[in-house]
Amino acid sequence: MMITKELLLDEITCFLKQRSDLVSIAVRQRAKFEGWLKFELANALKRIFDDTSVEYPIRGRHVDLYSNHSLIELKTPNTNYHARGCEDITRPITKNVNDILNDIRKLRGVPRDDQVRHAFIAFVMFPVPSIEKCKPHLEKIDASVGEPNTRIVYKMCEVDELTVLVYVAKIY
């Protein structure tokens, strides 16, 4: 078995649904939860792949997760879109998207070898009232990933009556 974008999408979506009580606190306050997500995903991958680790050092940098010859960068970008039940706080969605683009560049900078065969970017964007609202940002990310029809999967997910977007892309 190997890590796939579909496996990552399913695992992340499962955490969000199983722990919607916890996640909804973060979403309602527009607070990032990347650290929690990282350890939930590491725990799930560790059950399948023994070599799973967090903050994996590689070539003078750290990547959020390493498992089964795969690097995985995670983000939890918050948005400033109005959503009922969420605090109306201005959040720098453009900066958050740029952070995702920087992680994609970072992953591209790690060459494939016997140790690293695949690289993925995954994020949970919240709150997202509709896919149309965040489409310009997603198009920018899709363009950076390349070949969107074959490398990207995403799903809208309900968390305690709030909508989040789960996005996973295979960089290589």
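Me: Buried means under 20% relative accessible area, exposed means over 50%, and partly exposed is in between (1.4 Å probe, protein chains only). With that settled, is Asn 78 buried or exposed?

Reply: First the ground rules: this is a predicted model, where local features need pLDDT of at least 70, side-chain atom pairs count only at pLDDT 80 or more, and totals for chains, interfaces and linings use all residues. Residues are numbered from 1 along each chain as its sequence is written, and side-chain values use heavy atoms, with hydrogens and water left out. Asn 78 has a relative accessibility of 4%, so under the 20% cut-off Asn 78 counts as buried.

Me: Which side chain does the side chain of Asn 78 join in a polar contact?

Reply: Asn 78 sits in the loop between E3 and helix H4 (93-108); helices (H or I, at least four residues) and strands (E, at least two) are DSSP runs, numbered from the N terminus. Contact means heavy atoms within 4.5 Å, and beyond four places in sequence Asn 78 is in contact with Arg 30, Lys 32, Arg 91, Ile 93, Asn 96 and Phe 126. A polar contact is stricter: N or O atoms within 3.5 Å, where within protein one must be able to donate a hydrogen and the other to accept it, and residues adjacent in sequence count only if both atoms are side-chain atoms. At 2.8 Å, the partner is Asn 96.

Me: Arg 30 turns up there too, so what is odd about its phi, and what value does it have?

Reply: Most residues other than glycine have a negative phi. Arg 30 lies in the loop between helix H2 (20-29) and helix H3 (34-48), and is buried at a relative accessible area of 1%. Although Arg 30 is not a glycine, its phi is positive, about 55°.

Me: Where does Asp 160 lie?

Reply: Asp 160 is another residue other than glycine with a positive phi, near 50°. At 37% relative accessibility, Asp 160 counts as partly exposed. Its place is the loop between strand E5 (152-159) and strand E6 (162-170).

Me: What volume does the largest pocket have?

Reply: On a 1 Å grid over the protein atoms alone, a pocket is an open set of points with protein on both sides within 12 Å along at least five of seven lines, and lining residues have an atom within 4 Å of a point. The lining includes Arg 28, His 82, Pro 127, Asp 160 and Thr 163, and the whole lining divides into five nonpolar, two polar and four charged residues, with Ala, Val, Leu, Ile, Met, Phe, Trp, Tyr, Cys and Pro counted as nonpolar, Asp, Glu, Lys and Arg as charged, and the others, Gly among them, as polar. Grid points are joined across faces, edges and corners, and a volume is the space filled by probe spheres set on the points. For the largest pocket that comes to about 150 Å³.

Me: Which element gives the most to the largest nonpolar core?

Reply: A nonpolar core is a set of buried Ala, Val, Leu, Ile, Met, Phe, Trp, Tyr and Cys residues joined through side-chain atoms within 4.5 Å. The largest one has 33 residues, and those with the most contacts inside it are Ile 12, Leu 16, Leu 41 and Ile 72. Helix H1 (5-18), H2, H3, strand E3 (70-75), strand E4 (118-125), E5 and E6 each supply at least two residues of this core. With six residues, the top contributor is H1.

Me: How many residues does the other core have?

Reply: Leu 41, in the largest core, touches residues including Leu 8, Ile 12, Phe 15 and Ile 72. Apart from that core lies another, among whose members are Tyr 66, Ala 119, Leu 165 and Tyr 172, and its count is 29 residues.

Me: How far is the backbone nitrogen of Leu 74 from a polar atom of the side chain of Asp 64?

Reply: Asp 64 lies in strand E2 (residues 61-67) and counts as buried at 6% relative accessibility. Among the residues Asp 64 touches beyond four places in sequence are Glu 34, Lys 38, Ile 72 and Leu 74. The separation from that nitrogen is 2.8 Å.

Me: What C-alpha to C-alpha distance separates Val 145 and Tyr 172?

Reply: Val 145 is in helix H5 (residues 131-145) and is buried, with a relative accessible area of 1%. Residues that Val 145 touches include Ile 104, Ile 152, Tyr 167 and Ile 171. Val 145 and Tyr 172 are 27 residues apart in sequence, and in space the gap is 9.1 Å.

Definitions and conventions. On a 1 Å grid over the protein atoms alone, a cavity is a set of points where a 1.4 Å probe fits but cannot get out, and a pocket is an open set with protein on both sides within 12 Å along at least five of seven lines; lining residues have an atom within 4 Å of a point.
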